[in-house]
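Please open the model in your viewer and keep the selection tool at hand. The tour goes from one stop to the next, and each stop says what to select.

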Amino acid sequence: MLLHDLRLALRSFKRTPILTVLMVTAIAAGIGAAMITITLYHARAGHPIWWKEDKLFAVALDNRGSDHKGEELQKHPEYPPNTLSYRDAKALYASRIPTHAVRMYQTYRTLDPGRAGIKPFGVQGRVMTADFFTMFDVPMKYGTGWNRAADEAPEPVVVIGKRLNEKLFDGANSVGKSVTLSAKQFRVIGVVDSWMPTPKFYDVNAAFGIAEDFYLPFGWAEALQLPPAGVGCVTPDAKVNSFVDLLTADCNMLQYWVELPTRESVDRFRQFVDNYTVDEKRHGRFVRAPNNRVLNVTDWLALNDVIGDESRVQVGLAAMFLGVCILNTLGLMLAKFLGAAHVTGLRRALGASRKHIIRQHLTEVVVVGLVGGMVGIVFAWLGLWAIRVLTFIPGPNDSPDRLVMAQSLSHMDLRMLGLALLISMVTGIVAGLYPAWRIGRAAPATFLKT
Amino acid sequence: MEIRHMLSALWRNRTGPILIAVQIAIALTVLVNVAYVVEQRLETYTRPTGLDIDNIFWISTNGFRSDYNHAAAVEADLQWLNSIPGVIAAADTISIPQTYSGYGLPFSASPDERAPREGARVMVMTARGIETLGVELASGRTFSPDAVTPPQADGIGQLGKWAPEVVVSQALADAVFPKKDALGKTLYVGLVNQSAKIVGIIKNLQVAPVVGPFSKFASQVVIVPGVPPGPNASYMVRTQPGRQAEVMAKVDKEMADREPSRYIAFTQTLAKTSSDTKGWIRSSSIILGAVAILVLAVTAIGIFGLAAFNVATRTRQIGTRRAVGARKFHILRYFFVENWLVTTSGVAIGCVAALALGVQMSRMIQLPRLPLYYLAGGTLFVWLLGLAAVWIPARRAAAISPAVATRTV
């Protein structure tokens, strides 16, 4: 029966090749555009550590002065800054409520391979407390991270990323080897395996940046006066003339994360944070109404709008486009079916049931939908490739990782392929249901007379 | 004319025309809003930078050994770079214009912490910095070479290091001194408790292609004389027109060996840097534009398809009309007017939808409200598109011979 319907559909396509090509192209273009934008959106909307959704929490405090400049330009001036000042992070770190806590920031160093033939190069890394590796389930290829004592000392140890390990040590076990960062030697104690959380939830200001080359114990922040990648001073009386000032002023620069085992500990920690800011208020800080946040990864990514309106706008536009394509196919399909109504009339007169006619026409539109969907997937693939090429042309000062990032952002996985097929089926059915019903409903006699 | 008959004919077979009208409404909505967003972005993309952008390249160096002496290295490098034939001027700068990297500080006309402040990008530059940028001074003079301060230990130390005189962009001067009397005034620097006298005002200098509500920061700049802190240095080199490649080749060949305690990370033309920085504007405009063009194309195909279908099914009627005296022109006119009616009803819905989406978009991506002339332009375009799409089917209809009426199928 299905085979018969398919054969009829094929005959119908042969009868009107141009119309068929137009319909397939319209559906393909609609699905292609939708899949491109959904793929980009999907990558940005990821939750790279979903299994710790009820355990990991980011902390934000509102230490802004009463008339902080520039916030009127922000989309959500009511949101607190998403980084903490050095002194607040230090104070929160004293709390024993979280089972783990990490304070950290991104920094840059120059790496001297100390080998002929390889020029020194810039590397980006993170200076942070020991719990980072445990909290974020960082996969280790060799060795381990450090303990809290190494943060205090600080010990001259470093954990390096897989890519840097490949560049310096050809991917071999480099634990115990030494690495020179801006003229200071560190001993490698661990190598991180392939790891690139997308988005990089723990540092939303570099949400689509690449994974770090190196990780240093937090004590080196002060000891080496490591410059943070981004600083925002938020009170009018903040004065910064030296690195030491940066550690005491209301200049926000650290990400702060805690691991809280139970709901009860979450409440207790929230209370602790609120108490802390109320205390500080007595010392003339935290002049605004309490506006602290302790948020899980989902809420944190939402608060910081990691997805971005740009990709929302693109998905919206593509959806409208797909809508136009469906309407278009619907119109063409209707025209086509009605154009061939005399054949249908003849089939009805010869005994084909109304149900049968509807099914036959539905088969035809589903075939158009599926073929359109497959061509659409090819379109989407080409489009994503074009976006990669257009957006991420690596320059001489670019690490190749930007390309890696671009690839992961514009990668269409199996789930996306499945979604594409689903959309194409639904598109075909939505576009074909009315025309098939309409042609099935018509009385055979209307079409038989000339 | 036979508009009433036309309307009743349209109503009898209403599904097709309604589908087309809805498509036109969506197409207009998309077209108008995309055109507006892309236009806004391209304005940023093509805005004059104020720089002699085609004749500047830059070199990024980095000291990596403990015996690296930043102050001495920068002095020697600049002396060498400025002595190369074909070089107009070279200077070390703390941040490269046309990139997003760099830092800003708040500025005001008064030392009072509560006084209104304006943010601006700070560029610390060595002597001849203004000449190297190739910017035009609106008034005043460039800073004196004697004002250049020695390098500080690190970037944070540099924040508070201010020479007695600075050069600012017109945009910042006007923002801080609305009476337009900035030249010779004292500029107060928030966060670091410093001040400096404004000795020169640059007509235009775009430091970064910023779009949206923060776009004013694209052109608010303060240039401070000073040697930026080490261990990295960014030398901008402005050459005489046509000599860039030659100078770059010489730098690539000779510069690294002049000082082994630092390495050359890369050299790049400023034009390339600027183009890379603007890459996202280009690609997002292409994506948006491509979707709009596709929507229009598919809609045009829809109009074409419907008209062609109508002509095909009405062949005998048209033949009959021709046989009873209608001229080709009447047939053409019939199809054009019928199509125009459908298009216009779509346009009417589309205008309302476009405005609604415009309000939503201006809130989402923080743009000023959609101007109404975009709607007028969009409407005109969609009308023309409709006429173009119906052209071939209408011609075919007009070509139907009156003899058809006498035949049976």
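Select A:Val157, which is found in strand E6 (residues 157-160) of chain A. This is a predicted model. Is A:Val157 buried or exposed? With 20 other C-beta atoms within 10 Å, A:Val157 is buried, because 20 or more such atoms is the cut-off for that word. Now add the residues that touch it. Leaving aside neighbours within four places in sequence, A:Val157 is in contact with A:Trp146, A:Ala150, A:Phe186, A:Arg187, A:Ile189 and A:Pro217.

Next, select A:Ile31 as well. A:Val157 and A:Ile31 are 126 residues apart in sequence, and 51 Å lie between their C-alpha atoms. To place the two residues, colour chain A by domain. The domain assignment gives domain 1 as 2-45 + 309-448 and domain 2 as 53-303. The C-alpha centres of these two domains of chain A are 47 Å apart.

Stay with A:Ile31 and select helix H15 (residues 414-441) of chain A together with H2(A). The two helices pack at an angle of about 145 degrees, and their axes are 10 Å apart. Their crossing is right-handed. Which residues of H2(A) make this contact? They are A:Ile27, A:Gly30, A:Ile31, A:Ala34, A:Met35, A:Ile38, A:Thr39 and A:His42. From H15(A) come A:Met416, A:Leu419, A:Ala420, A:Ile423, A:Ser424 and A:Thr427. By class, the residues of this contact are nine nonpolar, five polar and no charged.

Keep helix H2 (residues 17-44) of chain A and add helix H11 (residues 309-339) of chain A. The axes of this pair come within 9 Å and cross at roughly 160 degrees, which means that H2(A) is roughly antiparallel to H11(A). H2(A) passes H11(A) in a left-handed crossing. The contact of H2(A) with H11(A) has 21 nonpolar, six polar and two charged residues.

Now hide H2(A), keep H11(A) and show H2(B). H11(A) and H2(B) pack at an angle of about 160 degrees, with axes 9 Å apart, and are therefore roughly antiparallel to each other. The crossing in which H11(A) passes H2(B) is left-handed. On the H11(A) side, look for contact residues including A:Leu317, A:Met320, A:Gly323 and A:Val324. On the H2(B) side, B:Thr15, B:Gly16, B:Leu19 and B:Ile20 are among them. Sorted by class, the contact of H11(A) with H2(B) has 13 nonpolar, six polar and no charged residues.

Widen the selection to the whole contact between the chains. How many residues does each chain give? Chain B gives 64 residues and chain A gives 54 residues. Among the elements that give two or more residues to the chain B side are H2, strand E1 (56-63) and helix H9 (279-313) of chain B. The largest share of that side, 20 residues, comes from H9(B). The side of chain B that touches chain A has 34 nonpolar, 22 polar and eight charged residues.

Finish on chain B alone, coloured by domain. Chain B is divided into domain 1 (3-46 + 280-406) and domain 2 (69-260). The centres of these domains of chain B, taken over C-alpha atoms, are separated by 53 Å. Their contact takes seven residues from domain 1 of chain B and five residues from domain 2 of chain B. Helix H2 (residues 15-46) of chain B gives the most to the domain 1 side, with four residues.

Terms used
Residues numbered from 1 in each chain as written. Chains lettered and ligands numbered in written order. Predicted model: local features only at pLDDT ≥ 70, side-chain atom pairs only at ≥ 80, totals over all residues. Domains from an automatic or database assignment. Contact = placed C-beta atoms within 7 Å. Axes fitted to C-alpha atoms, helices over the stretch in contact; angles between N-to-C directions. Parallel < 35°, antiparallel > 145°, perpendicular 65-115°, else oblique. Left-handed = near helix turned anticlockwise from the far one by under 90°. Nonpolar A, V, L, I, M, F, W, Y, C, P; charged D, E, K, R; others polar. Buried ≥ 20, exposed ≤ 12 C-beta atoms within 10 Å, placed from the backbone.
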